[in-house]
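Q: Please go through this model with me and set each assignment against the criterion behind it.

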Amino acid sequence: MKPTEIVIEELNNSTISEFLQQNEEILSGQIPIILQFESIDGSGFQLLVSLKKLYQSTGSAFHISSSKQTLDQIRLLGLEMSMEEMK
Amino acid sequence: MKLQNDQINLFLDEASELIESMEKTLLILDENPKNKTAIHDFFRGMHTLKGSSSMFGYPHLSDFAHHFESIYDLIRNDELDLNKTILTASFSSIDHFRILLSDAALQDIHHQKEHEARVKELNSILKVSSVIEKKETSLFDEDDEPTESTWHLNLILKQDFYSKEIDVLPVLESLQSLGTCSFVINDSEVPEFNEFYDAFDCKISWDIILVIDATETTIREQFIFVDEEIELEIIKLSSRNVLDNSYLVNFIEAKKEASKGLQPFEFIQLHEETKNKKAEDIHALETEPDSEEDDHSASKNVETMSSIRVHVQKLDTLLSLVSELVTAQARLNVFIDTSSNNDLQEVAEDIEKITRRLRENAFSISMVPLSTMETRFQRLVRDISSNQHKKVQLISSGLDTELEKSLIERLTPPLLHVFRNAVDHGIETPEIRKAKGKPEVGTILINALYSGAHVMVEISDDGNGIDLEKVKQKAISKGFFKADAAVSENEILDILFKPGFSTSETITDVSGRGVGMDVVRTALNQMRGDATIESKAGEGTKISLRLPLTLSILDGLLVSSANQKFIIPLQFLDKCYEIPNFTRNNAKDDILIIEGEQIPYIDLRDLLEDSTNRPIIPSLVMIRFQQTKVGILIDHIIGEHQAVVKSLGTLFRKVQSISGATILGDGEIALILDVNKIITEYVTLTNLKKEVLI
């Protein structure tokens, strides 16, 4: 199944609630997704950790796509997952 | 604080294992004090213990280990000989380490005095007290002058961190700018995504390994603006950069992948194990392993990654749930048997298969090899033989035989008792052995093997053996036998298990065997096992301990009497008979003639105080316990049954004849008969009756 792409500019403290509401059905863990964002903060990081746990448990694919700088930042903070640099 | 408690528990587990491992190394050194590898191993163990105990708030333990480390540092540098005095002090200190683990603050005055005496002993070994006044601030000894240090940080964001409109990422990035930084996430407390209703509710924490040329204050300064919203623990791991060790780097990477945090204790231990292997050596080893020892180290590291520590309580809960599942499965089967729905039957069969596999798997997890006790046996044999100037070798075989963990724990005291007896009273002094034409070194052999659903543990020695005639005379004088009674060899030996026979005076007078053997048998009986003894005067003694593989499940015979169901453990079962034309003669003892033999029996209805009509043809289950054969009269035999044993609870703990209960498939409860107690009571009652008649 081709992954569904979800795009959000900033994954942070003030955008998360709305992001979750809008994508409630897609973020079921059953549909493979690519989550694209330009920047992230601590709450967004925590959301990624939780999403990674969900997709690990269901076996569906979960990728993130962002700028090199943001991906480096995520890696640095200890989150190991499938990542691709935003084109 | 929960995390901290978990860490302390982990430390206690690891420290106990380390102490046991050091005890094992000491036993090797006791055999060969020049064994360099063992000396280095012991030193490293002491070093790790010192560092980790200091980190987890065990200052006395750390101090004591520090003293010891100094001694073994001199030994490993050939500045001090490992003599008998040091070895003896080392063994005593191993015991003292265990005390220091259980009483960290030395609150017990006896422990305090013991500690002072032990420290004094070590100081007198060192003689020059300045040797132990080594300047040291870090947890690792390093020879070179460091410029960078390695730190462990545990960072927990408080619950309302994000609600205060602050972000953790800039703080962590500023930390990273200070030096080399590795972040390991702990997502254990991060909620499942479907429970992720509140993104501001912080659950994530980090373990951070930081290599930095700065002080703790500098590190703390990075968190100054979020100080109120975080919990931060900082521990200095080393006074240098230890991340040049690729084992540690790989370890961190594996921990990152698992996202379950990083325990500093594990880090320290791995550092200790691998610190002398420099990066290039490790690279060479990884590409072409050529040393057995290094192969072992490598595989050990793989093992570290592929196994996890589970608290015994969690394991017990798992086993209990599996037992519940087995019971529920049996109930399901009752319904399925009466159902004509093929699909339902198919699903039930699948569930049954899975339940069986789950049960086997869960119980195999709780199985522990007997070898886990081996060091304790060796230590005991070493201590007693050394005290008594005897020469004893302990040979073991089959100790990979596994038993349920709880059984291993309960088996240890009686086994140690048997070993104590074997050395103390069985094996002769070298002079006596020589005079008898025996080798000067006595041998104690422990052998374990599976025997059906049981495990046999045999401990034999080539010592003095038991003088049957002396035991018999003693037994007669104590009233166990009449003077003219014809008793078999087994009956005489069996007397050694009687409580009244176990006095030290008896041991000295007789052959020096039998101290507390009643304790051994009682312990085994409580585990649904038994102990027997064989001996030949002058040649040696063999104690055989028989016990079930597990206490949780019991193979039994399901019977009924007065509409109540009972389980009789199969291990005691001899034969079953139907008794046609049964009549009970109240005037005499309850005796039935079975196959020409007079068999005393117990009527189960007496236990129930039920006098309603019994079936025309009742049954008799013949049970054999030790040397006694007794029948149990019941109404019906239903069949074999694998019972999941349940405790009756404290309310029924005084009920002597019942050891537990099980839930049958139809939900009915069957009581498990305590055959040992029933027979013991029966024999006591019979003897009383005889006394009254006399």
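A: The scale needed here is pLDDT, the predictor's confidence in each residue, which runs from 0 to 100. The model is a predicted one, and on that scale chain A averages 86, with 99% of its residues scoring at least 70.

Q: Where in chain A is confidence lowest, and where is it highest?
A: Confidence is lowest in helix H1 (residues 16–22) of chain A, at a mean of 84, and highest in strand S3 (residues 62–66) of chain A, at 92.

Q: What makes a residue of chain A count as being in contact with chain B?
A: The C-beta atoms of the two residues, placed from the backbone, must lie within 7 Å; by that criterion 21 residues of chain A are in contact with 21 residues of chain B. On the chain A side, two or more residues come from each of H1, helix H2 (42–58) and helix H3 (68–76) of chain A, and H2(A) gives the most, with 10 residues. By type, this side of chain A divides into nine nonpolar, nine polar and three charged residues.

Q: Why is H12(B) called roughly antiparallel to H13(B)?
A: Helix H12 (residues 312–337) and helix H13 (residues 342–365) of chain B pack at an angle of about 155°, with their axes 10 Å apart. Angles over 145 degrees count as roughly antiparallel, and therefore H12(B) is roughly antiparallel to H13(B). Their crossing is left-handed.

Q: Which residues make the contact of H12(B) with H13(B)?
A: Among them are B:Leu315, B:Val322 and B:Gln329 of H12(B), and B:Ala348, B:Glu352 and B:Arg359 of H13(B). The residues of this contact divide into 15 nonpolar, three polar and two charged.

Conventions. Residues are numbered from 1 along each chain as its sequence is written. Chains are lettered from A and ligands numbered from 1 in the order in which they are written. This is a predicted model: local features need pLDDT of at least 70, side-chain atom pairs count only at pLDDT 80 or more; totals for chains, interfaces and linings use all residues. Helices (H or I, at least four residues) and strands (E, at least two) are DSSP runs, numbered from the N terminus. Ala, Val, Leu, Ile, Met, Phe, Trp, Tyr, Cys and Pro count as nonpolar, Asp, Glu, Lys and Arg as charged, and the others, Gly among them, as polar. Axes are lines fitted to C-alpha atoms, for helices over the stretch in contact, and angles run from 0 to 180 degrees between N-to-C directions. Angles under 35 degrees count as roughly parallel, over 145 as roughly antiparallel, 65 to 115 as roughly perpendicular and the rest as oblique. A crossing is left-handed if the near helix is turned anticlockwise from the far one by less than a right angle, and right-handed if clockwise.
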